[in-house]
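Biologist: Let us go through this one together. I will ask, and you set each value against its rule.

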Amino acid sequence: MTRGKMLSEITRIEAGSYRNVGRNMLGYYTKEPIGYRQNLKAIYSKLSDEELNALYDIKVTGFNKLLKLKNKL
């Protein structure tokens, strides 16, 4: 997978997490601030390939495993 694709997936999940936290706290989905994903991408782009792969495994692979468990319920 390309670096750009990994960054896109990680920031997508981060934005979704932001919205879910807002829903849990306020009772409705909240939109992330303007530029949120771009700011995350700029920060995560500074990671080495090894660090980005580790972050991808934690965020994306872990999230996908959680979805599979939820779908089994």
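Biologist: In which loop is the place of Glu 32?

Modeller: This is a predicted model. Glu 32 sits in the loop between α1 (3-26) and α2 (36-44).

Biologist: Why is Glu 32 called buried?

Modeller: Its relative accessible area is 11%. Buried means under 20%. The value for Glu 32 falls under that cut-off, so Glu 32 is buried.

Biologist: What makes the pair of Glu 32 and Arg 19 a polar contact?

Modeller: Their side chains make this contact at 2.7 Å. The rule asks for N or O atoms within 3.5 Å, one able to donate a hydrogen and the other to accept it. The pair meets the rule, so the name applies.

Biologist: Lys 31 is adjacent to Glu 32 in sequence. Why does a polar contact between Glu 32 and Lys 31 count?

Modeller: Adjacent residues count only if both atoms are side-chain atoms. Here the contact joins the two side chains, at 3.3 Å. That is within 3.5 Å, so the contact counts.

Biologist: Which residues does Glu 32 touch, not counting those up to four places away in sequence?

Modeller: Glu 32 touches Ala 15, Tyr 18 and Arg 19. Touching means heavy atoms within 4.5 Å.

Biologist: Now the whole protein. How many helices and strands does the protein have?

Modeller: There are 3 helices and 0 strands. Along the sequence the pattern reads α-α-α.

Biologist: What share of the residues is buried?

Modeller: Buried residues make up 23% of the 73 residues. Glu 32 is one of the buried residues.

Definitions and conventions. Residues are numbered from 1 along each chain as its sequence is written. This is a predicted model: local features need pLDDT of at least 70, side-chain atom pairs count only at pLDDT 80 or more; totals for chains, interfaces and linings use all residues. Side-chain values use heavy atoms; hydrogens and water are left out. Helices (H or I, at least four residues) and strands (E, at least two) are DSSP runs, numbered from the N terminus. Buried means under 20% relative accessible area, exposed over 50%, partly exposed in between (1.4 Å probe, protein chains only).
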